[in-house]
Amino acid sequence: MVRVITAACVLTTLSGVAFGQAFFQGLERHDTLAGLSADGGTAVGWTSQYQALIWRRGGGWEEFSAPAGFQRVKFTGVSADGRYASGHAWGGTNGMQQAFRFEYGVGFQMLDDLGPPGDRVNASGDGISRDGSTVIGLARIDGVGGRAVRWRSTTPEILHEPPAGAAGNSSWATNVDGSKVVVFQSLHSHVWEEGGAFTTISPQNLAYALPNAMSDDGSVVAGGSYAWRWTAVEGFQRLPEFNDGRGAWLVEDMNAEGTILAGGRLPTNVRAGVHDAFYWTEATGTRYVHEVLQDYGVDMTGWTLTRVQGLSADGKTLIGEGLNPQGRLETWYAFIPQPLPAPGVVGVFGLAGVVVMRRRR
């Protein structure tokens with residue numbers, strides 16, 4: 001079942017984005033989002049009641065009930081054109097969890113795990129390639145654990161066997177066509193490549209360097225829980241601190257080239273006035289999103305931006321969450337024409353205009 005929910009003031013005020021002006025708008029509800037399409041026009045995620053969710057610029061929100069036999073469902077990634085999504089459904093009478101590839105207007109294609117035929121399925125779809133051809137995630141293989149896999153059909157392909165005695169592994173991010181995948185195994189991040197190459201990219205003395213995003217060509221990876229970036233040329237680096245000495249927490253997404261990173265902090269102990277949503281480029285360093293918007297003249301009074309959950313391919317369109325002026329969590333949408341350096345740190349860019357959207361009372 002699909003339920004369409006619209007918000008008239010949101011649908012009619014997003015037109016400013018088309019003119020290349022700085023822009024910020026609260027979207028009048030709060031959900032967990034897991035990705036943004038290449039043009040910044042489609043976001044996917046799930047509601048607090050675990051119904052899959054799609055938001056389209058100019059079209060509003062759509063909620064999707066779980067496939068037959070399941071009670072809960074998430075969308076966990078979206079293709080560049082917004083047509084396909086990855087995800088998993090669970091909560092049925094037999095306790096299964098099953099990965100899927102979703103095609104808008106067509107429906108769910110359920111994906112297999114690695115267990116014996118007829119056994120209870122246990123697999124999660126945790127991401128999708130930008131071209132929509134490949135779902136990545138975790139598939140159970142035995143009673144011990146699962147394996148990092150990719151699906152290019154309904155049958156999963158194991159990407160890498162963990163060492164004997166080690167726990168299972170999982171796939172977390174992929175490049176444009178699924179030919180490179182970031183795998184988290186033995187508390188570290190690794191890049192798997194077509195043909196079997198498997199390269200460890202996080203230092204052995206830094207555990208839980210969780211990967212979240214990969215550039216289209218697979219040469220850049222980024223993640224948390226201490227915000228970091230790895231490139232094939234420069235290796236592993238932590239992102240620099242904000243100007244106030246605080247550190248960025250978690251990279252959640254990047255632009256297509258991996259030259260713009262964005263993220264924040266998961267929604268635990270969120271406090272008004274404590275901003276964590278950030279935006280990084282090599283030229284500007286790590287900056288708070290609300291400060292960049294303020295530099296463009298956007299009125300951010302009352303808002304606390306805590307997290308960027310999706311970034312467009314050009315890095316200019318962002319979607320995330322924060323506390324609104326009424327102190328409630330709310331999803332927001334923003335457009336930044338180009339990154340601005342902190343005042344007095346790097347040369348000043350020209351402003352491309354401002355659109356300030358205020359909440360309808």
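Q: pLDDT is the predictor's confidence in each residue, from 0 to 100; what is its mean over the chain?
A: The mean pLDDT is 88, and 89% of the residues reach 70 or more. This is a predicted model in which local features need pLDDT of at least 70 and side-chain atom pairs count only at 80 or more, while totals for chains, interfaces and linings use all residues. Residues are numbered from 1 along each chain as its sequence is written, and side-chain values use heavy atoms, with hydrogens and water left out.

Q: Where does pLDDT stay under 50?
A: One stretch is residues 6-13, with 14 contacts beyond four places in sequence; a contact means heavy atoms within 4.5 Å. Another is residues 346-361, for which the model has 45 such contacts.

Q: What makes S16 and S17 a pair of strands?
A: Strands are DSSP runs of E with at least two residues, numbered from the N terminus, and two of them pair if DSSP finds at least two bridges between them. Six bridges join S16 (residues 180-185) to S17 (residues 188-193), so this antiparallel couple meets the rule. Val-181 faces Trp-192 in S17, and Val-182 faces Val-191 in S17. On its other pairing, S16 is joined to S15 by four antiparallel bridges, with Ala-173 opposite Val-182.

Q: Why do S15 and S18 count as edge strands?
A: The open sheet has the order S15-S16-S17-S18, with antiparallel pairing. S15 (170-174) and S18 (198-200) each have a single partner strand, so one side of each is left without a neighbour in the sheet. Neighbouring strands here are turned by 30° against each other on average, direction ignored; the axes are lines fitted to C-alpha atoms, and angles run from 0 to 180 degrees between N-to-C directions.

Q: How do you know that S16 is largely enclosed?
A: Buried means under 20% relative accessible area, exposed over 50%, and partly exposed in between (1.4 Å probe, protein chains only). Five of the six residues of S16 are buried, so the rest of the structure largely encloses this strand.

Q: Why is Leu-187 called partly exposed?
A: Its relative accessibility is 35%, so Leu-187 falls between the two cut-offs. Leu-187 lies in the loop between S16 and S17 and has a positive phi near 70°. Tyr-208, in the loop between S18 and S19, is also partly exposed, at 47%, and has a positive phi of about 60°.

Q: What makes these phi values, and the peptide bond between Gly-224 and Ser-225, worth a look?
A: Most residues other than glycine have a negative phi, and most peptide bonds are trans. The bond joining Gly-224 and Ser-225 is cis, with omega of about 15°.

Q: What makes an empty space a cavity or a pocket?
A: On a 1 Å grid over the protein atoms alone, a cavity is a set of points where a 1.4 Å probe fits but cannot get out, whereas a pocket is an open set with protein on both sides within 12 Å along at least five of seven lines; lining residues have an atom within 4 Å of a point. Grid points are joined across faces, edges and corners, and a volume is the space filled by probe spheres set on the points. The structure holds one cavity of 30 Å³ or more. The largest pocket has a volume of about 980 Å³. Of its 43 lining residues, Ala-34, Thr-76, Asp-126, Trp-172 and Asn-212 are the closest to its centre.
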